[in-house]
Protein chains: 4
Amino acid sequence: MDFSYSAKTKDYLARLDAFMREHIEPYENQYQKENYRLNSTPHWREWQVPPRVAELKQLAKEQGLWNFFLPDNELGAGLTTLEYAPLAERMGRSLLAPEVFNCNAPDTGNMEVLYHFGDDPQQEQWLTPLLNGDIRSVFCMTEPDVASSDATNMQTTIKADGSDWVINGRKWWSTGLGHPDAEIAIVMGLTDEDADKHHRHSMVLLPLNTPGVNIERMLPALGEYDAPYGHGEVVFDNVRVPKENIIVGPGAGFKIAQGRLGPGRIHHCMRAIGAAERALELFIERGVSRIAFGEPLMKLGGNTERLADLRVAIDQARLLTLHAAWQIDNVGAMKAIKEISAIKLVAPNVLQRVVDETMQLFGGASMCHDTPLPGLLTVARSLRIADGPDAVHRATIAKTELKQREKQLKGRSND
Amino acid sequence: MDFSYSAKTKDYLARLDAFMREHIEPYENQYQKENYRLNSTPHWREWQVPPRVAELKQLAKEQGLWNFFLPDNELGAGLTTLEYAPLAERMGRSLLAPEVFNCNAPDTGNMEVLYHFGDDPQQEQWLTPLLNGDIRSVFCMTEPDVASSDATNMQTTIKADGSDWVINGRKWWSTGLGHPDAEIAIVMGLTDEDADKHHRHSMVLLPLNTPGVNIERMLPALGEYDAPYGHGEVVFDNVRVPKENIIVGPGAGFKIAQGRLGPGRIHHCMRAIGAAERALELFIERGVSRIAFGEPLMKLGGNTERLADLRVAIDQARLLTLHAAWQIDNVGAMKAIKEISAIKLVAPNVLQRVVDETMQLFGGASMCHDTPLPGLLTVARSLRIADGPDAVHRATIAKTELKQREKQLKGRSND
Amino acid sequence: MDFSYSAKTKDYLARLDAFMREHIEPYENQYQKENYRLNSTPHWREWQVPPRVAELKQLAKEQGLWNFFLPDNELGAGLTTLEYAPLAERMGRSLLAPEVFNCNAPDTGNMEVLYHFGDDPQQEQWLTPLLNGDIRSVFCMTEPDVASSDATNMQTTIKADGSDWVINGRKWWSTGLGHPDAEIAIVMGLTDEDADKHHRHSMVLLPLNTPGVNIERMLPALGEYDAPYGHGEVVFDNVRVPKENIIVGPGAGFKIAQGRLGPGRIHHCMRAIGAAERALELFIERGVSRIAFGEPLMKLGGNTERLADLRVAIDQARLLTLHAAWQIDNVGAMKAIKEISAIKLVAPNVLQRVVDETMQLFGGASMCHDTPLPGLLTVARSLRIADGPDAVHRATIAKTELKQREKQLKGRSND
Amino acid sequence: MDFSYSAKTKDYLARLDAFMREHIEPYENQYQKENYRLNSTPHWREWQVPPRVAELKQLAKEQGLWNFFLPDNELGAGLTTLEYAPLAERMGRSLLAPEVFNCNAPDTGNMEVLYHFGDDPQQEQWLTPLLNGDIRSVFCMTEPDVASSDATNMQTTIKADGSDWVINGRKWWSTGLGHPDAEIAIVMGLTDEDADKHHRHSMVLLPLNTPGVNIERMLPALGEYDAPYGHGEVVFDNVRVPKENIIVGPGAGFKIAQGRLGPGRIHHCMRAIGAAERALELFIERGVSRIAFGEPLMKLGGNTERLADLRVAIDQARLLTLHAAWQIDNVGAMKAIKEISAIKLVAPNVLQRVVDETMQLFGGASMCHDTPLPGLLTVARSLRIADGPDAVHRATIAKTELKQREKQLKGRSND
């Protein structure tokens, strides 16, 4: 047992940290303002990316701080899930950083899908430009009319018709759909509703300029459109893609989703932990500098106890997430399902709690863009729903625990 | 001891309920859409009130459902704080209703100040049009640069100069400042920083069209501008008002604020409880209608236990608030300070909790305007900061409790 | 709406308070020691009551501070449930007081059963000596082998045989069974397992010296036998009582239990609130007097915030309980089922929480008899199980809430 | 980074597990009963150890399952703190096991003190028989009259007088003081109150049969005497020990205590985690087997969600503790102070929470010796006080966090 990061992680972390402190953190406030100036409109087709972002991406790429997430030595950094996790945490302290290092959701998950499951033409056409950061991508899964936490509810259909797949349905909360560079979506839908539960769904690659793709609106999350990314609601009206656009083949959707979600949740959770660390720094900074009743806030009421509890909660969430990453690397995402559900339950709640307490110290300033707090709250609050609400993960943990205990008792009785 | 509402309350409540069910609730969704269409811009000078609102106000006034909050039989409904509280709760179930019945913050508090402390000319000029619902008003207290929870920090100055008061300073989170009908502000500031803590501040009446009143921006709260009301940041740059614009006189600010805050907190908290009841209805509706894993959500996991805990939390918050209202009516706001702080601590937290749990049942829909949940979350979250953050109220409760206990022990030792 | 206590309550409360301060509180520590000296043995048949207790009972009876709980002007104080509640709270501050004023469980509930449902001979034989405080009684309901929270599980049988009822079964946690003066038990059992759920059970009066009543042991609760009362485990082995010992008649058990439990839970909860007030006083006393790191504990960490939260939690629990009492008085226990379950859920949890936090301030002293804290913890912990564990009450609240909401919606649709 | 246990740990763990399943767990219930039969009296001088315990100790010693805790390859198992931790967890599932493997508190801590700091004669006289399990020992630190969480409060004096140290004072909660084999105590006291805070105290070895050692009583913890160990209150009345009985020398008490407490807290916390795992097993067993309302308890209300939350809480506590152990091994206990305080805060609270929820499923049976739950509750509740109450650890965490942040910011400003 050894809690020290690998030499590779340490090296990347040091360079990432230096880059962020030199190039990203000093720019972040200005980015918020530029972004707001360019994009404070729900008319998402007018959204633009502040030009400095492309420059930062170029710089990061030149320094080899690029595609950390991809477990391939040539195309990415060749890190295990566990080795990548601390980098995700570091990037998660900034809402801008993941984009700069081409480690942003949902692109990372989509690239992983294409890397692990895409065939050569699919990789050439879509993986390569995504890895280069030239285009962005979308993952269309959640639907408004059914409880998407139960994937068997999914209603969007993908039907074979001649040499095409024909897609019909409605998706929403498709993150990144409003981005000017978004070109490709991976769409999950029903190909065979009579198949067993794990072989009903498929994933197809859908270029966003295909006729019948009707993006109806971007959805504000707690009032924020998250421009220039956006979360879209889109209708597929007899949308046709050629048969070769299916990933792996009909019925493989569930299997691909499982492979995608495991590491994806590690990424989300580690970024959430990074965000929580940033919020805790704000808690401390405000606590030691703001004066009320003749004392810094930190000395009033229970603020030191709060600080202690938040510190411990973050540390526990990190260790749990690193352990889950290790499990994924060692036994695979399918066998680490309890550990993955556990971190998906814990990390966003910890972030929400740290942000909530930090907001109390900032008072009025916490509610508006003068602080990053509303943005961090939105991240936390969304993440408690996205990829399965807390309740679904609690159910998974309990179910697995009961099964494991039953198995253990059977094992003993056979001794 | 009797927990039944007074006959007057029951009568008003029945009529209010009927009006809301007939006129307001069926319109509420459409109001949100119209409001969004008219006002989805940070350029607040362009904001408009949807025309139907004025019609509803007229109708309410004609039916005598008007100015419930004012404890005057002629000008208002002549209800005690306790008698008014259930009406505030009922109105709080709608974000629109308080405006329709002329019971909206901060107008109610401002009208109370003018009613209790204004002289005849002040009442004639400002109280009358406010009671008529012809204009709206603003209360300027919180400042960005100091911890406003500690009023002694306040930096805005109100200095005598000839026949004028000259106001200099910066205020923010001045609710309603963006409203097209906002005409008058009550501004709190320092008139004599050498006076004792409770006689340093004064309140003056400031017409918003006075030169030197520079409204810099409206502040979004969790991404929402709350148009057409808005929360403004405003700079007073050598703003002059005549000497007669002071309320009561120099140094009376603290005393007036105390009188204003007691009933005002009852109003806020009862509205919060109404909002919580509405959220709980949404919790139930979604819980019994949404299906996942073959069952209504209500039957899954711990949702029935959640329902029970939320129901009990709301009921306890209501009783605590009604009891505090009774205390205000019987011993005055100054002697009910512990009870008032207690409800200010409890009610917004209960609302936040109910909304948070309800959001989990709504999934993606909870994050955007398709449900009232983001609006309710913003109400809850703001209210945990406005009028003193939780920590300040906890400090007040503890301080008072310790004093009371000490006094009680002294009383015993003198037996 | 009026939160002031009735004149009758105020008068009794003043006299009760004076008696407790003069006679009980100064003796309480000595009582603990005497009791421990006489009864520190699991051999319960040797248990004795410290003689001073009988003297105090006599004194209380002479002063008319006796049988407060009974809503009969001749036999008791003639108070409503609501009027009695504050007296139960006051007595609950002492573990000895309820006995002194003949208001101790389970005697109060048993006396109420006999008062409301007993026939004349039953009342003469058992109610009269109980009201006089000459004997004590036991209520045998909970069984070890089944989940007694679901009364339909009950396995003890009461079968007709000639002119007798024959009782067979095992009961445990029968409070007071070890007391030297315990003479009579009310036993609940199955008389007709084919009847509908609410008419299967009956209650019979069982003199404890009847052959076949085998008391196996007293059960320690968190290590305490609660001598000289005790919680007993008892086997009924073909125990015979004459037919006239049934209360009301066969199948009336459920109905009687409902009538017994409503006010009984008010009593339990108000005593718990009194106990919580006592624990909070200890919290304050320790907090202001114990010094660590150069400061009284109250000034360290989050202790003032804790004090505030505990104060508010107690006040909310009290109001909820008083409101439930009012409901019982006004609509009856059956229609107040949600309110009664709510207080049974809230009050013991509040007590447990206050005791838990107070223990932290007392350190080592909190774990042993040098403080009343272990006793108070045992009261709280037991009460979260007795009369239905928290989960059962949450289920009742949710079920009732869902029904009420459904009814309300139906009512609206019929408008 | 690697979360797998070392080969040595795995090997010991397998053998320990087998031994416990074969020899200890089948005997545990009977041990409780024998122990109760022999020792259900507060007259502690009559306490005896059930004879089977000595046999089990002998067997364990023969199998080399002995003194795991000692980081010495000859005298103990030669494990690091991190390597020993999983064994402590495994033993913690039983209240008897730590004694059987000679890994019981406070002996382990005392042996470590003697191993690291004792001179040759001290080791020969006391360490050897302790390592052999022939005698038991006591650690006298906590005092009743002062807040012992602040060590500077300590009032027991150790004064030089000729060739002796003379000890005067009162200690309590000295664990193991009632054990028939207890022969030696390590006593901490003031040798020089004018020295700086960290050099005022010393530790001396005090044979318990020395004149002037007056053991006044054993203290029940939540009603349990924890026989045959006991927690004693003892007065030192001019007790004399020769000068060579001091450990290291005058003023070394604080330094020794620090070295003792770090690993000791790991042991306590890992045992607490083992106890929590055992309670969780009981939660599951009861949940799936006990029927109410026609369903196993596990399917009712929120019990699956509870199971999930408890599982996650335990896993997080374990990882945090293992990480703290790793820190101790790598940077030493002094530099790992934040991590050590964090686990001392987290682990006992997790245990208390798991036990509390499990008690709810067991109902009445949870309150008495028919289940191990009261014993586990007492362990949890005591541990939140012993070795510093939660509040002290929160203060340490906050203080260290603030210092580290300040240092970090200084570091950055010097870049």
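**Group meeting: chains A and B, and two helix pairs**

Let's start where two chains touch: 40 residues of chain A are in contact with 42 residues of chain B. Contact here means that the C-beta atoms of two residues, placed from the backbone, lie within 7 Å.

A word on the source. This is a predicted model: local features need pLDDT of at least 70, side-chain atom pairs count only at pLDDT 80 or more, and totals for chains, interfaces and linings use all residues. Residues are numbered from 1 along each chain as its sequence is written, and chains are lettered from A and ligands numbered from 1 in the order in which they are written.

Back to chain A. Which elements give two or more residues to the side that touches chain B? They are β3 (164-175), β8 (291-292), α10 (373-383) and α11 (390-413). These labels are DSSP runs numbered from the N terminus: helices are H or I with at least four residues, strands are E with at least two. Of these elements, α11(A) gives the most, with four residues. By class, this side of chain A has 21 nonpolar, 13 polar and six charged residues. Nonpolar covers Ala, Val, Leu, Ile, Met, Phe, Trp, Tyr, Cys and Pro; charged covers Asp, Glu, Lys and Arg; the others, Gly among them, are polar.

Now the symmetry. A rotation of 180° with 0.0 Å of shift along its axis superposes chain A on chain B, with an RMSD of 0.0 Å. The fit is by least squares on C-alpha atoms of residues with pLDDT of at least 70 in both copies. That is the relation of a two-fold axis. In chain A, the C-alpha nearest the axis belongs to A:Gly223, 2.1 Å away. The same surface serves both copies: 100% of the contact residues of chain A recur in chain B.

Next, a helix pair in chain A. The axes of α1(A), residues 7-39, and α3(A), residues 81-92, come within 9 Å and cross at roughly 15°. Axes are lines fitted to C-alpha atoms, for helices over the stretch in contact, and angles run from 0 to 180 degrees between N-to-C directions. That makes α1(A) roughly parallel to α3(A). Angles under 35 degrees count as roughly parallel, over 145 as roughly antiparallel, 65 to 115 as roughly perpendicular, and the rest as oblique.

Last, chain D. There α3(D), residues 81-92, packs with α7(D), residues 253-289, at about 40°, axes 6 Å apart. That makes α3(D) oblique to α7(D).
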